[in-house]
Structures are given as structure tokens and as C-alpha cells.
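Open the structure in your viewer and keep the selection tool at hand. The tour below goes from stop to stop and says what to select at each one.

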Amino acid sequence: MYVYILCYWLLTIRERIACLQVTVECIHSNLFDAVEATHGGQIDVLIFNPPYVPTDSEEIHGDGIEVSWAGGIDGREVIDRFLPKVPVRLESAATSLNVN
């Protein structure tokens, strides 16, 4: 499953995945809302490339390109909201990679 918050980026990802001839479910959402709705909240492998640029808090809730880099106060708002939820979502033998 590939989850991203920007619709137009998902279209690009779907095209690239189709070229690879693999099956990947692409969902427009924030990560955990989509996982809850479709997979009972459990994840085997999680790769998280969070936005980390310091911005106003309002920018992290937008629907434009800025959500891809807007990290909120000190650049950590999204990360700090995300990380406490990870252990609850990972299967017992799962892996998490946070990319910055």
C-alpha cells in the first residue's frame, strides 16, 4: 500500500507502478487513516519520509504542494504526532524506517 496526502502525486505513482508491472494499492489519505480503514490498522513494513521544514502550523493541514515539506513548528509537528502511533500499528515482526 502506498499512501500519500497529495492527489496529483498519487497519479504519478500509479503510472510508475504500472510500468513496473506490480500491484500496489495507492490511497489518498494521511497514513494511519488509510491503514485503519483498509487493513485493520496493522502494518508489516513502514517507510516514512516526513515533512520536516519549519513552517506555520496551518501549512501542514493544507492541500497544496506545501504539505510535502511543511513540518510545522520547529519542523517536528508531523513527526511528533506520527511517531507515538507507530508501535501500535506495526505487526510484531514489522520494520519501520524513518527517512529524513
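## Stop 1: Ser29 and its surroundings

Select Ser29, which counts as buried because its relative accessibility is 15% and buried means under 20%. Ser29 sits in the loop between β2 and α2 (31-39). Now show what touches Ser29: leaving aside neighbours within four places in sequence, its contacts are Val3, Tyr4, Ile5 and Ala34. Keep in mind throughout that this is a predicted model.

One of those contacts is the next selection. Ile5 is in the loop between β1 and α1. Is Ile5 buried, partly exposed or exposed? At 35% relative accessibility, Ile5 counts as partly exposed. Apart from neighbours within four places in sequence, Ile5 is in contact with His28, Ser29 and Val67. Then add Asp63 to the selection: Ile5 and Asp63 are 58 residues apart in sequence, while their C-alpha atoms are 7.8 Å apart in space.

## Stop 2: the whole chain

Clear the selection and colour by secondary structure. The chain has four helices and six strands. Reading from the N terminus, the order of the elements is β-α-β-α-β-β-β-α-α-β.

Next, switch on the surface. The accessible surface of the chain is about 6600 Å², and 55% of that belongs to carbon and sulfur atoms. Of the 100 residues in the chain, 31% count as buried. Contacts can also be sorted by distance along the sequence: among those between residues at least 6 apart, 47% join residues at least 24 apart.

## Stop 3: helix α1

Select residues 7-20, which make up helix α1. How far apart are the end C-alpha atoms of α1? They are 20 Å apart, which agrees with the 20 Å that its 14 residues should span at 1.5 Å a residue.

Within α1, highlight Leu10, Ile13 and Ile17, the buried residues of the helix. Turn the view to look down the axis of α1: the buried residues fall within an arc of 60 degrees, so they line one face of the helix. What covers these buried residues includes β1 (2-4) and β2 (26-28). On the other side of α1, select Glu15, Arg16, Ala18 and Cys19, which are exposed.

Move on to Gln21, which follows α1 and lies in the loop between α1 and β2. Gln21 has a positive phi of about 55 degrees, although it is not a glycine. Gln21 is exposed, with a relative accessible area of 74%.

## Stop 4: strand β3

Select Leu46 in strand β3 (residues 43-48). Leu46 is buried, with a relative accessibility of 4%. Add Tyr2 and look at the two C-alpha atoms: Leu46 and Tyr2 are 44 residues apart along the chain, and these atoms are separated by 9.9 Å.

## Stop 5: the loop between β4 and β5

Two residues here are worth selecting in turn. Thr55 is in the loop between β4 and β5 and is buried, at 12% relative accessible area. Outside its neighbours within four places in sequence, Thr55 is in contact with Ile60, Trp69, Ala70, Gly71, Gly72 and Ile73.

Ile65 is also in the loop between β4 (53-54) and β5 (70-72). At 41% relative accessibility, Ile65 counts as partly exposed. Which residues form a nonpolar patch on the surface with Ile65? Select Tyr8, Leu11, Tyr52, Val53 and Trp69 along with Ile65: together these residues have about 580 Å² of accessible area.

## Stop 6: Asp74 and a salt bridge

Select Asp74, in the loop between β5 and α3 (77-82). Asp74 is not a glycine, yet its phi is positive, at about 55 degrees. With a relative accessibility of 66%, Asp74 counts as exposed.

The last selection is a pair, Arg76 and Asp80. Their side chains meet in a salt bridge, with a distance of 2.6 Å from N to O. Side chains of opposite charge can pair when their charged atoms come close. Arg76 is partly exposed, with a relative accessible area of 38%, and Asp80 is partly exposed at 41%. How many salt bridges does a search of the whole structure find? The search finds one.

Conventions: Residues are numbered from 1 along each chain as its sequence is written. This is a predicted model: local features need pLDDT of at least 70, side-chain atom pairs count only at pLDDT 80 or more; totals for chains, interfaces and linings use all residues. Side-chain values use heavy atoms; hydrogens and water are left out. Patches are made of residues with over 30% relative accessible area and no salt bridge: like charges are joined within 9 Å, nonpolar side chains (Val, Leu, Ile, Met, Phe, Trp, Tyr) within 5 Å. Accessible areas come from the Shrake-Rupley method with a 1.4 Å probe; for residues, only the protein chains shown count as cover. A salt bridge is a side-chain nitrogen of Lys or Arg within 4 Å of a carboxyl oxygen of Asp or Glu. Helices (H or I, at least four residues) and strands (E, at least two) are DSSP runs, numbered from the N terminus. Buried means under 20% relative accessible area, exposed over 50%, partly exposed in between (1.4 Å probe, protein chains only). Contact means heavy atoms within 4.5 Å. The expected span of a helix is 1.5 Å times one less than its number of residues. The arc is that of the directions from the helix axis to the C-beta atoms.
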